[in-house]
Amino acid sequence: MNHWITGNTQLICLIGHPVSHSISPAIHNAAFFHLGLDYAYLAFDVREDKLEVGINALRTLNVKGFNVTMPHKQAVLPLLDEVMPEAQMIGAVNMVLHENGRLIGYNTDGIGYVQALAEEGISISGKRIVIAGAGGGARSVAIRLALEGVPEIVILNRTLDKAEEICSMIRKNVPSCKAEAVPLTERGLSQQLMEADIFVNSTALGMHPYEDKSIIEDPRMLHRELVVTDLIYNPRKTKLLQMAEEAGCKAVNGLGMLIRQGAAAFKIWTGVDMPVEALLFDRK
Ligand code: NAP
């Protein structure tokens with residue numbers, strides 16, 4: 001199938017700083033190629049002090065949309081014409097649709113996490129979910145889980161205020177979800193995990209180049225029915241996930257979330273499902 005850049009090719013891009021490590025261009029261009037869609041995806045390194053002019057340039061050049069990555073996920077909000085309710089709750093945008101001259105911000109990270117679990121055959125219905133960390137990743141995941149109807153979420157974090165802030169946002173917007181913030185200590189985590197169905201590591205512990213670190217050091221904290229998920233995708237198998245597998249738990253890395261948040265964005269931009277199965281990702 002031909003996929004040449006033409007006079008009609010629509011541009012979608014990534015803005016962030018840095019961006020050279022991103023696999024989004026490879027994922028989206030492979031999907032455009034596979035489907036024969038006349039789009040191209042490029043990554044642009046935009047520093048903080050150039051964000052506003054960068055966004056105005058994207059408007060002028062009439063791009064179809066763009067992904068937003070660190071450090072712009074929060075700062076981009078006031079530069080947009082509309083921000084979808086979930087992205088407002090999260091306080092961060094990871095993708096923008098440019099439609100009828102308007103820039104509309106979304107956050108597809110949380111839906112990516114939920115869809116990645118579904119793809120693994122893991123149900124979140126009626127589950128008690130324990131999250132370690134309260135940064136941007138935790139925020140997107142926790143809010144989406146609450147919106148999906150999860151009855152109970154516990155967030156443990158070193159800086160308790162950040163966990164508390166996410167929980168009060170959930171309690172305010174999704175009163176049916178019991179959300180509790182707990183200080184992150186080994187004892188506290190151990191107690192919470194006894195009653196948990198799904199554990200989410202959203203701290204950077206275990207991420208390259210700190211592969212020797214894990215939020216859980218003692219495998220006895222993991223019971224066999226626990227599903228252990230790590231938002232980290234580099235490496236594919238963190239120390240935590242290795243330990244979880246050895247303890248007999250189902251273990252899921254962050255690559256599925258990354259792919260699925262991209263697939264959700266792809267659908268919003270193009271109206272077409274991303275052919276995820278046809279794109280050969282090295283998931284292990
Ligand atoms: P972030 O906003 O910087 O938050 C980092 C979190 O980790 C904070 O809660 C921080 O606690 C905690 N933390 C850091 N070092 C710690 C330590 N030594 N001990 C205990 N807690 C520690 O980062 P983020 O954006 O949420 O990303 C976190 C991880 O998720 C990264 O590995 C990222 O690549 C991954 N992620 C993956 C996806 C995906 O699509 N798979 C999406 C988003 C994020 P304090 O608040 O106390 O500092």
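Proline 209 lies in the loop between β10 (198-201) and β11. In this predicted model, the peptide bond that leads from histidine 208 to proline 209 is cis, with omega near 5 degrees. A second cis bond joins methionine 70 to proline 71, with omega near 10 degrees. Proline 71 belongs to the loop between β3 and β4 (82-83). The backbone of asparagine 62 also deserves mention: phi of this residue is near 60 degrees, a positive value in a residue other than glycine. Asparagine 62 is placed in the loop between α2 (51-60) and β3. As background to these backbone features, most peptide bonds are trans, and most residues other than glycine have a negative phi.

The empty space in the protein was examined next. Such space is revealed when a probe the size of a water molecule is rolled over the atoms. The largest pocket has a volume of about 1,200 Å³. It is lined by 39 residues, of which Thr69, Met70, Lys73, Tyr233 and Leu258 are the closest to its centre. Two or more lining residues come from each of the elements α1 (24-35), β3 (65-68), α5 (136-147) and α9 (255-270). The greatest contribution is that of α9, which gives 5 residues to the lining of this pocket. Sorted by class, the lining of the largest pocket holds 21 polar, 15 nonpolar and 3 charged residues. Domain 1 (10-107) and domain 2 (110-256) each provide at least three residues of the pocket lining. Methionine 70, which precedes the cis bond to proline 71, is among the residues closest to the pocket centre.

Enclosed space was also considered. The count comes to 1 cavity of 30 Å³ or more, and the largest cavity has a volume of about 40 Å³. The residues that line this cavity are Tyr113, Ala116, Leu117, Thr229, Asp230, Leu231, Val252, Asn253, Gly254 and Met257. At least two residues of the cavity lining are supplied by each of α4 (109-119) and β11 (227-230). Here α4 gives the most, with 3 residues. The lining of the largest cavity comprises 6 nonpolar, 3 polar and 1 charged residues.

The surroundings of the ligand were then described. In total, 21 residues surround the ligand, and the closest are Ala134, Gly137, Asn157, Thr159 and Lys162. Two of these residues make side-chain contacts with oxygen atoms of the ligand. In the side chain of asparagine 157, an N or O atom is 2.8 Å from a ligand oxygen atom. For threonine 159, a polar side-chain atom lies 2.5 Å from an oxygen atom of the ligand. Leucine 231 contributes through its backbone, where a polar atom is 2.9 Å from a nitrogen atom of the ligand. The ligand exposes 920 Å² when taken alone, and 74% of that is buried by the protein. Leucine 231 also appears in the lining of the largest cavity.

The shell around the ligand was finally analysed by element and by class. Within this shell, α5 and α9 each supply at least two residues. Both α5 and α9 are also listed among the elements that give two or more residues to the lining of the largest pocket. The shell around the ligand divides into 10 nonpolar, 9 polar and 2 charged residues.

Key: Residues are numbered from 1 along each chain as its sequence is written. This is a predicted model: local features need pLDDT of at least 70, side-chain atom pairs count only at pLDDT 80 or more; totals for chains, interfaces and linings use all residues. Side-chain values use heavy atoms; hydrogens and water are left out. On a 1 Å grid over the protein atoms alone, a cavity is a set of points where a 1.4 Å probe fits but cannot get out, and a pocket is an open set with protein on both sides within 12 Å along at least five of seven lines; lining residues have an atom within 4 Å of a point. Grid points are joined across faces, edges and corners, and a volume is the space filled by probe spheres set on the points. Helices (H or I, at least four residues) and strands (E, at least two) are DSSP runs, numbered from the N terminus. Ala, Val, Leu, Ile, Met, Phe, Trp, Tyr, Cys and Pro count as nonpolar, Asp, Glu, Lys and Arg as charged, and the others, Gly among them, as polar. Domain bounds come from an automatic or database domain assignment. A residue is near a molecule or strand if one of its heavy atoms lies within 4 Å of it. A polar contact is a pair of N or O atoms within 3.5 Å; within protein, one must be able to donate a hydrogen and the other to accept it, and residues adjacent in sequence count only if both atoms are side-chain atoms. Accessible areas come from the Shrake-Rupley method with a 1.4 Å probe; for residues, only the protein chains shown count as cover.
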